[in-house]
Amino acid sequence: MNIHLVSGILYSRSINENDIRACVTARREKDVVSLWGKIADWVLGTKSEAAKVALFRLSHADTLAQQLSSFSELRQYVAPARQDSLTWQISDSDSPVFRIGDFDIPCHAATENTMANLPPFDLDDRCRLLCSMHYDGQNVVSEYHHFAAETLLLPESDGNADPVLAAQERFVSLTPSLLRSLKLIGLDQNDVQGNFARDIHQTVERMVSQMTGDKDTAVRAARNAENLSIFASNIMREVNAPDTSISRSDAAQTHGREPVLIDSPLDAIRAIRLSALNSHEYLSPSAAALELLTNLLKAGQLREANFAYAAFAERYPRNARYVAGIVPAKVLNHYWMGHLDYLGSQRVPTWQAQNPKWADNGVEALLGGTLDTWAEQALAEIRMTAARLPALSV
């Protein structure tokens, strides 16, 4: 895979795969400049040297803020028709990466300092990064209206219909990795008049038109970009509101310091989303769900935990079995051990040996909605199990 740089009428310039590898593996910035300085530039004014340095900075950055800045800069130097060779891949099941051809550069975690350290992105920077964004392999600005509506099983007969737009906004609100990425590039700054979102619309339309040469594609992408700015802004205003109306699930923001109460599937999903957004680490939905389930089990809320899992499984079916497989161990460590006497640590291994399929039974109970019954019955059996005491030395 080559990177084709912005070129003039009389010349064409590209960075080949060996150049990319050399740049990514270089140890110092000056090594990159020196290495590429040996490659003769055919015409003065090409962007090859600046592109090499931007690629070096991207692959050697210490923070996500630095990576975003370098990636945006690098895309400036790439010919519009080849912009799709540089993408920002995000997902709720895999770690995010900056993809350059076939090379993946892992994104640093988004920390509490990331927002404070972000460079002052201008409108072009924001839109350049937005146009590079792929969610689960699909181009966000070009395909959002398709995959958001399809995921939520709503008709897409009219892209401006209120139900479809509501479904698209709900998709953003329930997708932590996408929402956080939109926030990182400052797309959540739309105002009441909508001027910011309209500026995003116009800029994306210009960029996509240059990249594709297709007016219809550019118009559709611009509309998606404007809607995404509106959605992200609405959601973040709701999240940051001092007093929300969501019933009792605000306790999810305490991350285990208080019991978490779940009243509805939407409460459960929002608790997971808030856990991911408020974490100091880049939590995936699965990790956020497991954090919520841990808090519920510590509080002895087995039914609520089962209810929260069912809501999560409906929203994230691809992640459901992974999370379900971990729940029995969570029950053991965070529920049973808290309800056993001082001999519990000796009773549990004996009971496990007598019940080798206990974890499978726990998963089956979780999927069947009877986690509380299984956990309580197993706890009673463990209490009746003879403790395996260490042998006394003579």
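Me: In the loop between which helices does Gly 186 lie?
Reply: In this predicted model, Gly 186 belongs to a loop rather than to a helix. The loop that holds Gly 186 runs between α9 (176-184) and α10 (195-212).

Me: Is Gly 186 buried or exposed, and what is its relative accessible area?
Reply: A residue is called buried when its relative accessible area is under 20%. Gly 186 meets that cut-off and is therefore buried, its relative accessible area being 5%.

Me: Which residues are in contact with Gly 186, leaving aside its neighbours within four places in sequence?
Reply: The C-alpha atom of Gly 186 is separated by 9.6 Å from that of Leu 118, a residue 68 residues apart from it along the chain. Once neighbours within four places in sequence are left aside, the residues in contact with Gly 186 are Arg 126 and Phe 196.

Me: What is the side chain of opposite charge nearest to Arg 126, and how many Å away is it?
Reply: Arg 126 is found in helix α6, which covers residues 123-132, and although Arg 126 is buried, it has no salt bridge. A salt bridge would need a side-chain nitrogen within 4 Å of a carboxyl oxygen. The nearest side chain of opposite charge to Arg 126 belongs to Asp 188, and its distance is 6.6 Å.

Me: Which backbone oxygen does the side chain of Arg 126 reach at 3.0 Å?
Reply: Arg 126 touches Phe 121, Ile 185, Gly 186, Gln 189 and Phe 196, when residues up to four places away in sequence are not counted. A polar atom of the Arg 126 side chain lies 3.1 Å from the backbone oxygen of Phe 121. At 3.0 Å, the side chain of Arg 126 reaches the backbone oxygen of Ile 185.

Me: Which side chain of opposite charge is nearest to Glu 226?
Reply: Glu 226 is found in helix α11, residues 215-239, where it is buried yet has no salt bridge. Leaving aside neighbours within four places in sequence, Glu 226 is in contact with Ala 197, Arg 198 and His 201. The nearest side chain of opposite charge, 5.3 Å away from Glu 226, is that of Arg 198.

Me: How many residues apart in sequence are the parts that Arg 206 and Asp 124 tie together?
Reply: The side chains of Arg 206 and Asp 124 meet in a salt bridge with an N to O distance of 2.9 Å. Arg 206 lies in helix α10 and Asp 124 in helix α6, so the pair ties together parts whose separation in sequence is 82 residues.

Me: Which helices hold Arg 303 and Asp 372?
Reply: The side chains of Arg 303 and Asp 372 meet in a salt bridge at 2.9 Å, N to O. The pair links distant parts of the chain, 69 residues apart, with Arg 303 in α14 and Asp 372 in α18.

Me: What is the relative accessibility at which Asp 372 counts as buried?
Reply: Arg 303 is exposed, with a relative accessible area of 64%. Asp 372, its partner in the salt bridge, counts as buried, with a relative accessibility of 16%.

Me: Which residue meets Arg 347 in a salt bridge?
Reply: Arg 347 counts as buried at 13% relative accessibility, and it is one of the buried residues of α16. The buried residues of that helix pack against α15, α17 and α18. The salt bridge of Arg 347, at 3.3 Å from N to O, is made with Asp 341.

Me: What span should the 20 residues of helix α15 have at 1.5 Å a residue?
Reply: The expected span is 1.5 Å times one less than the number of residues. For the 20 residues of α15 (residues 317-336), the end C-alpha atoms are 28 Å apart, which agrees with the expected 28 Å.

Me: At which residue does α15 bend by about 30 degrees?
Reply: The buried residues of α15, among them Val 327, Pro 328 and Val 331, pack against α13 (285-298), α14 (302-315), α16 (344-354), α17 (358-368) and α18 (371-384). The bend of about 30 degrees in α15 is at Lys 330.

Me: What percentage of the 394 residues in the protein do buried residues make up?
Reply: The protein has 18 helices and seven strands. Of its contacts between residues at least 6 apart in sequence, 67% join residues at least 24 apart. Within the 394 residues, the buried share is 49%.

Notes: Residues are numbered from 1 along each chain as its sequence is written. This is a predicted model: local features need pLDDT of at least 70, side-chain atom pairs count only at pLDDT 80 or more; totals for chains, interfaces and linings use all residues. Side-chain values use heavy atoms; hydrogens and water are left out. Helices (H or I, at least four residues) and strands (E, at least two) are DSSP runs, numbered from the N terminus. Buried means under 20% relative accessible area, exposed over 50%, partly exposed in between (1.4 Å probe, protein chains only). Lys and Arg count as positive and Asp and Glu as negative; His and the chain ends are not counted. A polar contact is a pair of N or O atoms within 3.5 Å; within protein, one must be able to donate a hydrogen and the other to accept it, and residues adjacent in sequence count only if both atoms are side-chain atoms. Contact means heavy atoms within 4.5 Å. The bend at a residue is the angle between axes fitted to the seven residues ending there and the seven starting there.
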